[in-house]
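Please load the model in a viewer and keep the selection tool at hand. The stops below may be followed in order.

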There are 2 protein chains.
Amino acid sequence: MKGVQEYIEKNKDRFLAELFEYIRIPSVSSVSAHKQDMYKAAEWLKEALLAAGADRATVYETEGHPITYAEKTIDPKLPTVLVYGHMDVMPVDPIDLWKTPPFEPEIRNGKIYARGADDDKGQGFMHVKAFEFMVKTNQLPCNVKFMIEGEEEIGSPALTKWCVKNKEMIKSDIILVSDTGMIAQDIPSITVGLRGLAYWQVKVTGPNRDLHSGLFGGAVANPINILAKMIANIHDENNHITIPHFYDDVLEASNEERELLNKAPFSLEEYKKALGIAEIHGEKGFTTIERVGIRPTLDVCGIWGGYTGEGSKTVLPSVAYAKISSRLVPNQNHEKIAQLFKEYFENVAPKCVKVEVESLHGGQPYVCPITIDAYKAAEKAYQTTFGKQPIPVRSGGSIPIISHFNQALGTKSILMGFGLESDAIHSPNENFPLFNFFKGIETIPYFYKYFAESKK
Amino acid sequence: MKGVQEYIEKNKDRFLAELFEYIRIPSVSSVSAHKQDMYKAAEWLKEALLAAGADRATVYETEGHPITYAEKTIDPKLPTVLVYGHMDVMPVDPIDLWKTPPFEPEIRNGKIYARGADDDKGQGFMHVKAFEFMVKTNQLPCNVKFMIEGEEEIGSPALTKWCVKNKEMIKSDIILVSDTGMIAQDIPSITVGLRGLAYWQVKVTGPNRDLHSGLFGGAVANPINILAKMIANIHDENNHITIPHFYDDVLEASNEERELLNKAPFSLEEYKKALGIAEIHGEKGFTTIERVGIRPTLDVCGIWGGYTGEGSKTVLPSVAYAKISSRLVPNQNHEKIAQLFKEYFENVAPKCVKVEVESLHGGQPYVCPITIDAYKAAEKAYQTTFGKQPIPVRSGGSIPIISHFNQALGTKSILMGFGLESDAIHSPNENFPLFNFFKGIETIPYFYKYFAESKK
């Protein structure tokens, strides 16, 4: 990949200006008020892909948000890489914790600060620019397809159907994704495992209206107190999840695998310091790396009910809500877990309240063997640009669509993530270091090179 | 009290028009945006009291919201009645559950619907109109003082100091209050016991920022899960409060008293039906009447944390909050309980989070002996207008200032409440039946009459 560093150096200001344009579109998929912004982002991306060198690019309508698809075929006999990414971003609240407005990107201390700077506008755009480099310098060694969706943060409901329907069109030898992280700027890593996800909204209804807590308190069930008790009972004293059959399908990691996992560089003191916590907290019998890598979890993502305004209001509320999510590990099935939780939570509810559980979205866990050609090609790419062999890691995060690709298309995904833990994705002040952004653009073309060579 | 029914009949439209004017001032004491409305309400009331016949009326500034004070002295040798009430109202949320706007009173099915229709604008205004009747018909048998505050719903912080400072000015033989309820329109009752109140806001802090629940979930304490567990642990399996020494000072009711209490008309089936619940829920070993009358409680009035918007956001939040209140019974001390809870809650917190408890307000419980002259006078007043002896009841609600009057001024309060349980005070669609409003205006003058006679 001759001249890649020079190309980046020469065009870096333009690359950033373009990325900033993309980021400024507030494409929050979970908030219906941003529906039109999803179209803006999709159209913007279409134009960007055409400008970078795609033969054709199209914005596909779906039942939900649109999908931008583009392709460049140089020779049907060459292998095809399908780049997957997402243009949608997470909501920005709590907005008051952002130092600068989330959709007005700003560079501070060598980092781009904005919602989507990393996840996944910044990382996704690296692929557009790496593609541009290969096209403009006549070094593209594979056919390329881009499939960028607008619903990753809400579980990819449209893409799930769309990619089955368009199976022929999007056919590829490997799917390439940058939507994960690496251990550190000097410790490259490739994610080979992803946790699955199940997500529910729970509604607990007590009396048919908010009551005076003095006149009724003590005699009528308070839905917040009941919800708290029900949430508390999901974990036992060892932080083991108590839902019957929850762990039935978990593929327990072997002792050897656990030993290997725990060799990854990790300082508990630095971890605690970075998070501002005095103690870690998790399932007994597992290390922090294991807790986020090979163990399923159950976390409350949100809770609300009663009076939450300024000052004090004595009320016994009628309703309380919680959003609860579970991270799943191979071999758990998100649909089965969704049903298990729903049945459990509705059944353990005391008769003094009514409990309704709605399943919002889910995804299967995923594992990529480190023996396949594509993994080896990625490994070599990092070795070329970082001078180091990347470490294969199991991430705690979920990209439900990745396991869907595996099942529905029969195609593996290579997760060349360039994010850092400090990027604060999904949080206020999300950021992406310029180093990582440009290093990504530099590394990606080598993947194409080595992958094409491996198929010769 | 000659001609009281005729006077009411003749003036009822004006009485309602005046009350509606008063209600339209959105005097929500706990929301700082309504600060000016508190002054508007105070000034409005001052004018209303002067028009009704007060010798003088003044709006007193305080550190918080203003107090309207008025008096009419007819003869220093006659007994003095101090009328206490409050012009502030509760917040209106959840606003979407109101059938008509809370500050635009409307009469439907013989009831006034509005925030404050009962609590305590409607009930307080009955006293202004009863006073007007006695003045205009030259039948006022006592000296009268009015002390109407603007902070009852937030624990009366200003009045607590103000009434000690103005002890001489507000000196009286009895304090008369309508801020409670009666059993039914045909079953008059007088509240002789009030529960005390302690109110806290709890903040649970986990990591220093919202985290990605995939990358950190399972390894870092989730403050919502922890808060839920802590709330769950406040009650044991019998719904007994587990805070050490919480019940130490509770004056246990005798078996005889409990027997008497349970003779009050009460249908569990109707109670459940009215609230739309399948089962009641409370402390084991006590009836519903006992649970709200003689037992202390601990209820979560509000809870919030994490993502509470539309759709699903996977986040491990940094902070979770709860507003928690406790109803106290004689002989519990709210300051002691406030401290007990704070110490307990902060101490049982696991090290993986930081827990802060702030005490927002409180009040002592109160009991009025049914043997004093003033109680007997009230009893006779009800007998005159309802044709029935009122039942003395212990209410579950709290009016912290009442016990403060008892302690600081040495003056008992008579709680002639005309509200009904169905008035939905503190809730959406608060209402007050016209029957109760006019019956209150009719009954109050008889209290003055019999009380003055008892002092001759």
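**First stop: a small sheet in chain A**

Begin in chain A of this predicted model by selecting β4, β5 and β16, which form an open, antiparallel sheet of three strands in the order β4-β5-β16. The edge strands, each paired on one side only, are β4 (106-108) and β16 (431-433) of chain A. From one strand to the next the twist averages 30 degrees. Next, display the pairing of β4(A) with β5 (residues 111-113) of chain A: three bridges join these antiparallel strands. Within β5(A), A:Ile112 is the residue opposite A:Ile107. Now add helix α13 (residues 434-454) of chain A, which packs on the sheet and touches β5 and β16 of chain A. The direction of α13 makes about 65 degrees with that of β16(A).

**Second stop: chain A as a whole**

Select the whole of chain A and colour it by secondary structure; 13 helices and 16 strands should appear. Along the principal axes, the C-alpha atoms occupy a box of roughly 80 × 50 × 45 Å. The radius of gyration of chain A is 23 Å, which agrees with the value near 23 Å expected of a compact globule with 456 residues. Of these 456 residues, 55% count as buried. Among contacts in chain A with a separation of 6 or more, 78% are between residues 24 or more positions apart.

**Third stop: the two chains together**

Bring chain B into view. How is chain A superposed on chain B? A rotation of 180 degrees, with 0.0 Å of shift along its axis, achieves this with an RMSD of 0.1 Å. This is the relation of a two-fold axis.

Select the contacting residues next: 84 residues of chain A meet 83 residues of chain B. On the chain A side, the elements giving two or more residues are β9 (196-205), α5 (213-216), α6 (223-232), α9 (288-293), β10 (297-306), β11 (319-328) and β12 (354-363). The most come from β10(A), with nine residues. Colouring this side by class gives 36 nonpolar, 32 polar and 16 charged residues. The copies meet through the same surface, because 99% of the interface residues of chain A are also interface residues in chain B.

**Fourth stop: strands across the interface**

Isolate β10(A) and strand β10 (residues 297-306) of chain B, which run antiparallel and are joined by five bridges. Centre the view on A:Gly305, whose opposite residue in β10(B) is B:Ile303. From there, continue into chain B: B:Ile303 also stands opposite B:Ala322 in β11(B). Eight bridges connect the antiparallel strands β10(B) and β11(B).

Strand β11 (residues 319-328) of chain B has nine of its ten residues buried, so this strand is largely enclosed by the rest of the structure. Adding strand β9 (residues 196-205) of chain B shows an antiparallel pairing with β11(B) over ten bridges. One place to look is B:Lys203, whose bridge partner in β11(B) is B:Tyr321.

**Last stop: helix α6 of chain A**

Finally, select α6(A), a mostly covered helix in which eight of ten residues are buried. The buried residues are A:Pro223, A:Ile224, A:Asn225, A:Ile226, A:Leu227, A:Ala228, A:Met230 and A:Ile231. What do the buried residues of α6(A) pack against? In chain A their partners are β9, β10, β11 and α10 (334-348), and in chain B they are α6 (223-232) and β10.

Notes. Residues are numbered from 1 along each chain as its sequence is written. Chains are lettered from A and ligands numbered from 1 in the order in which they are written. This is a predicted model: local features need pLDDT of at least 70, side-chain atom pairs count only at pLDDT 80 or more; totals for chains, interfaces and linings use all residues. Two residues are in contact if their C-beta atoms, placed from the backbone, lie within 7 Å. Helices (H or I, at least four residues) and strands (E, at least two) are DSSP runs, numbered from the N terminus. Ala, Val, Leu, Ile, Met, Phe, Trp, Tyr, Cys and Pro count as nonpolar, Asp, Glu, Lys and Arg as charged, and the others, Gly among them, as polar. Two strands pair if DSSP finds at least two bridges between them. The radius of gyration is taken over C-alpha atoms; the globule rule is 2.2 Å times the number of residues to the power 0.38. A residue is buried if 20 or more other C-beta atoms lie within 10 Å of its own, exposed if 12 or fewer, and partly exposed in between; C-beta atoms are placed from the backbone. Axes are lines fitted to C-alpha atoms, for helices over the stretch in contact, and angles run from 0 to 180 degrees between N-to-C directions. Copies are superposed by least squares on the C-alpha atoms of residues with pLDDT of at least 70 in both.
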